[in-house]
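Trainee: I would be grateful for a close look at one part of this model. Please take a single helix and describe how it is placed.

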Amino acid sequence: MGFFRVNRSDGIRVTSADPLVTMMPYLFRTRTESIVYYKRTIPIDEIQKYIVEQRRKGTRITMFSIIVAAMLQTVYRRPNMNRFIAGCRMYMHKNFEVLYTVKQSLTDDGLESVAKVRLNPEDTIFNVAKAMSEHTHNIKKGELKEDDKLIRFFCHMPRWFIRTFMTLLRFLDFYGWMPQSLIDALPFYSTVFISHLGSLGAEAPFHHLYEFGTNSIFVTIGRTYEVPYKGEDGKIEWRRSIDLAFTVDERICDGFYLISSLKMLEQFMLNPCLLEYPAKDLIDIHYPKTWPEKARQHYHTMGEFGKKIESREDLQ
């Protein structure tokens, strides 16, 4: 209890990290000064084929739900991606939760709300798509969530009251005393925050991380566009692709772990059939011969030739 509390209501204290990683929160005290950026272009041919195939069966799967399901699969296998820093200490989230913004109407005056979806290792792409659809539907029909009610309440309070209350919240959060009810209500506590700007026809910018809360990863999804790739015969192939822009708190893991994890995420997106199996099944993404038969039949990889062409030198 008190200042010597080991765990939080939303996280388990990490005490076995590398000594340098343990010291990082003292050297780099905020998420702002600990940000690293990483952008990846991913061809979506197989994803689009998969979406069409599922819709012919009567199942609505979206690009967004595939990315979220791929994140679930990756984080379950790469648990360090589920860490966060609070009070100069490192914790592991007890759950996998995703935040994303939903606009009630695509107008300048349309109200925004943040959906929070909690997923577990038993979930497949179908569970993910259903959960996201339900949350989005409830927001678009005007249903007020707890965070919406809380924000509207404070909008009518004087400045001194809001500043005092926020100071109290930061104090509670620093020492791990934040009540679970507030953690559930405030839209700043999650594994990852994802913004699908591609649905608005926009490219994927790098977003900042929030100092308040526990979110260590922010992902933006860009619009679909044609990208030149090097084919097996050495010629240019134009393929529909999207950009994913990652903003990550570098204190949660080292660079090798981060890049390996994001490459795994990419493999799940290139092979969406794998998302039909629960994360807890721990299908080895690196050995297609061990995959279920259906997934083996649809195996795809960027490989040596699936390389995005950045310049003429890439064709040499």
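Mentor: What follows concerns helix α8 and one salt bridge between two of its packing partners. The model is predicted: local features need pLDDT of at least 70, side-chain atom pairs count only at pLDDT 80 or more, and totals for chains, interfaces and linings use all residues. Residues are numbered from 1 along each chain as its sequence is written, and side-chain values use heavy atoms, with hydrogens and water left out.

Helix α8 covers residues 255–270; helices (H or I, at least four residues) and strands (E, at least two) are DSSP runs, numbered from the N terminus. Its 16 residues should span 22 Å, and the end C-alpha atoms are 23 Å apart, which agrees; the expected span is 1.5 Å times one less than the number of residues.

At the N-terminal end, D254 acts as a cap, with a side-chain oxygen 3.1 Å from the backbone nitrogen of F256. Among the buried residues of α8 are Y257, L258, L262 and F268; buried means under 20% relative accessible area, exposed over 50% and partly exposed in between (1.4 Å probe, protein chains only). The buried residues of α8 pack against β2 (35–43), α2 (45–56), α3 (63–77) and β10 (236–249).

A salt bridge (a side-chain nitrogen of Lys or Arg within 4 Å of a carboxyl oxygen of Asp or Glu) joins R239 and D45 at 3.3 Å, N to O. R239 lies in strand β10 and D45 in helix α2, 194 residues apart. R239 is partly exposed at 22% relative accessibility, and D45 is partly exposed at 24%.

Definitions and conventions
Contact means heavy atoms within 4.5 Å. A polar contact is a pair of N or O atoms within 3.5 Å; within protein, one must be able to donate a hydrogen and the other to accept it, and residues adjacent in sequence count only if both atoms are side-chain atoms.
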